[in-house]
Amino acid sequence: MDNLPEWKKQQRKHLIAAREAIPAETHQQWSQAITGFLKQGLQQPQKMIIGIYWPFRGEYDPRPIARYFLQQGAILALPEITSKNEPLCFREWSPDTPMKSGAYGIPVPLETPIVRLDALIIPMVGFDQHGYRLGYGSGYFDRTLATYERQPLTIGVAFELQRLDSIYPQAHDISMHYVVTEAGIFRTKDHQLMPASILQDTPQ
């Protein structure tokens, strides 16, 4: 790849536009399928602190699965960007948590406790056949994961139209343990995405 940054820039533009163009009914159907697979996959969420995200630009909306996880006894957290080039901090969140406007206008919890995660549901602009994620280009999730001695369970979520052959990963890129789309659950095994049925703690 001669000019990888430009290629990634163009892929982001194309994939975000494609995602935003999904008809509302189709988006809802695909999102419901992803929610179902997450329910199926995380079988003991009551024992976990789970990081989610606030949906942005046509992403899968994780709030329905968040409500389910809370009902099962999980602790949930949303990310906050504290400053550029720093890891994210994750603050406890529930539907009645007071919120403030954070970076990019995305809501973040207002001064709730900061937690360390057991699992992290990560939005993806794109993903490839090897479990690598194409993000927005700021590197926040990679920097955050690098701060963990033991990696939380990483679950990338996207729609199938965001699947690529390769994102040409670099040394700093961290592959997802699992990818969940409207087509099912896939785990990264031997640098390839393989169909799976559950999201377990030690997938590698």
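Two strands are taken to pair if DSSP finds at least two bridges between them. In the predicted model analysed here, strand β13 (residues 184-189) and strand β14 (residues 192-196) run antiparallel and are joined by 5 bridges. One of the partnerships places Ile-185 opposite Ala-196, its bridge partner in β14. The hairpin formed by β13 and β14 has 2 residues between the strands, and within this hairpin Asp-190 takes a positive phi near 55°.

Helix α2 (residues 24-41) contains 18 residues. At 1.5 Å a residue the expected span is 26 Å, and the end C-alpha atoms of the helix lie 25 Å apart, which agrees. The buried residues of α2 are His-27, Ser-31, Ile-34, Thr-35, Leu-38 and Gly-41. Viewed down the axis of α2, these buried residues fall within an arc of 130° and therefore line one face of the helix. An α-helix has 3.6 residues a turn, so residues three or four places apart point the same way. The face of α2 turned away from the buried side carries Glu-25 and Gln-32, both of which are exposed. Packing of the buried residues of α2 involves helix α3 together with strands β7 (119-123), β10 (153-157), β12 (178-181) and β13. Strand β13 thus appears in two settings, as a packing partner of α2 and as a strand of the hairpin with β14.

Charged side chains were examined next. Side chains of opposite charge can pair when their charged atoms come close. A search of the whole structure gives 6 salt bridges. One of the pairs consists of Arg-57 and Glu-20, whose side chains meet at 3.2 Å, N to O. This pair links distant parts of the chain, 37 residues apart, with Arg-57 in the loop between β1 (49-51) and α3 (63-71) and Glu-20 in helix α1 (residues 4-20). Arg-57 is partly exposed at a relative accessible area of 40%, and Glu-20 is likewise partly exposed at 43%.

A salt bridge is also found between the side chains of Glu-80 and Lys-100, at 3.3 Å, N to O. Glu-80 belongs to strand β2 (residues 75-80) and Lys-100 to strand β4 (residues 99-101), so the pair ties together parts that are 20 residues apart in sequence. Glu-80 has a relative accessible area of 10% and is buried, the cut-off for that class being under 20%. Lys-100, with a relative accessible area of 34%, is partly exposed.

The side chains of Arg-163 and Glu-160 form a further salt bridge, at 2.8 Å, N to O. Both ends of this pair are partly exposed, with relative accessible areas of 24% for Arg-163 and 22% for Glu-160. Elsewhere, salt bridges that share partners join Glu-80, Arg-91 and Lys-100 into one network.

Gly-126 is located in strand β8 (residues 126-128). Gly-126 is buried, with a relative accessible area of 0%. Leu-15 and Gly-126 are 111 residues apart in sequence, while their C-alpha atoms are 6.9 Å apart in space. When neighbours within four places in sequence are left aside, the residues in contact with Gly-126 are Leu-15, Tyr-132, Arg-133, Leu-134 and Gln-162.

Notes. Residues are numbered from 1 along each chain as its sequence is written. This is a predicted model: local features need pLDDT of at least 70, side-chain atom pairs count only at pLDDT 80 or more; totals for chains, interfaces and linings use all residues. Side-chain values use heavy atoms; hydrogens and water are left out. Helices (H or I, at least four residues) and strands (E, at least two) are DSSP runs, numbered from the N terminus. A salt bridge is a side-chain nitrogen of Lys or Arg within 4 Å of a carboxyl oxygen of Asp or Glu. Buried means under 20% relative accessible area, exposed over 50%, partly exposed in between (1.4 Å probe, protein chains only). The expected span of a helix is 1.5 Å times one less than its number of residues. The arc is that of the directions from the helix axis to the C-beta atoms. Contact means heavy atoms within 4.5 Å.
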